[in-house]
Amino acid sequence: MAVAELGPVVLDCPDPHALARFYAGVLGGTVEDRSDDQDEWVDLNLPGGRTLAFQGSPGHVPPKWPGDDGAQQFHLDLEVKDLDAAEKTVLELGARPLDAEDRTRTFRVYADPAGHPFCLCAC
């Protein structure tokens, strides 16, 4: 028996509004500012009812990828139908490639504008 249900996945970042707009460009959805006096917080309400959230963290240090000297912490796998078209879009939105040279693989790795790694997967 489960004792909890998974809530939103939350990404710490220096600018929650900017990162929410980036992921809205990638995933669709509606950006909702939920900031209060204590925290800067933005939700991205995705089609299908899921939420990806962004919390302000002025001292945010992006994970290092790849490398044994820094943990990746976690990453998002984003499923796409067309890797080339998806790559073009995420690069236009501000992503940068981390490991996207091998065009024979079914995935490519990028960093979002705050430095979080994510994969585009045509798996």
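1. How much space lies in the largest pocket? In this predicted model, the largest pocket holds about 350 Å³ of space. Fifteen residues, written here as 15, line the largest pocket, and Val9, Leu46, Arg50, Thr51 and Leu52 are the closest to its centre.

2. By class, the lining of the largest pocket divides into 9 nonpolar, 4 polar and 2 charged residues. Strand 4 and strand 5 (76-79) each supply at least two residues of this lining. The largest share, 3 residues, comes from strand 5.

3. On the overall fold, the protein chain has 2 helices and 8 strands. Read from the N terminus, the elements run β-α-β-β-β-β-α-β-β-β. The radius of gyration of the protein chain is 15 Å, close to the 14 Å that the globule rule gives for 123 residues, so the chain is as compact as a globular protein of that length. The C-alpha trace spans about 45 × 40 × 35 Å along its principal axes.

4. One open sheet has 4 strands in the order 1-4-3-2, and its pairing is mixed. The edges are taken by strand 1 (9-13) and strand 2 (30-33); each has a single partner strand, so one side of each is left without a neighbour in the sheet. On average, neighbouring strands of this sheet are turned by 20 degrees against each other, direction ignored.

5. Within that sheet, strand 1 pairs with strand 4 (residues 51-56) in the parallel sense, over 5 bridges. Two positions help to fix the register: Leu11 stands opposite Phe54 in strand 4, and Cys13 stands opposite Gly56 in strand 4.

6. Strand 4 also pairs with strand 3, here in the antiparallel sense and over 5 bridges. Thr51 in strand 4 has Asn45 opposite, and Thr51 is also among the residues closest to the centre of the largest pocket. The hairpin of strand 3 and strand 4 has 5 residues between the strands, and Gly48 in this hairpin takes a positive phi near 95 degrees.

7. Another open sheet of 4 strands has the order 5-8-7-6, with mixed pairing. Strand 5 and strand 6 (96-99) stand at its edges with a single partner strand each, so one side of each lacks a neighbour in the sheet. Here neighbouring strands are turned by 35 degrees against each other on average, direction ignored.

8. In this sheet, strand 7 (residues 107-111) and strand 8 (residues 117-121) are paired in the antiparallel sense over 5 bridges. Cys119 in strand 8 is the bridge partner of Val109.

9. Which strands does helix 1 lie across? Helix 1 (residues 16-27) lies across strand 1, strand 2, strand 3 (41-45) and strand 4, and runs at about 160 degrees to strand 4. Helix 1 also lies across strand 5 and strand 8, where the angle to strand 5 is about 30 degrees. Helix 1 therefore has contacts with strands of the sheet ordered 1-4-3-2 and with strands of the sheet ordered 5-8-7-6.

10. Helix 2 (residues 83-93) lies across strand 6, strand 7 and strand 8. The angle between helix 2 and strand 7 is about 5 degrees.

How values were computed:
Residues are numbered from 1 along each chain as its sequence is written. This is a predicted model: local features need pLDDT of at least 70, side-chain atom pairs count only at pLDDT 80 or more; totals for chains, interfaces and linings use all residues. Side-chain values use heavy atoms; hydrogens and water are left out. Two strands pair if DSSP finds at least two bridges between them. Axes are lines fitted to C-alpha atoms, for helices over the stretch in contact, and angles run from 0 to 180 degrees between N-to-C directions. Contact means heavy atoms within 4.5 Å. On a 1 Å grid over the protein atoms alone, a cavity is a set of points where a 1.4 Å probe fits but cannot get out, and a pocket is an open set with protein on both sides within 12 Å along at least five of seven lines; lining residues have an atom within 4 Å of a point. Grid points are joined across faces, edges and corners, and a volume is the space filled by probe spheres set on the points. Ala, Val, Leu, Ile, Met, Phe, Trp, Tyr, Cys and Pro count as nonpolar, Asp, Glu, Lys and Arg as charged, and the others, Gly among them, as polar. The radius of gyration is taken over C-alpha atoms; the globule rule is 2.2 Å times the number of residues to the power 0.38.
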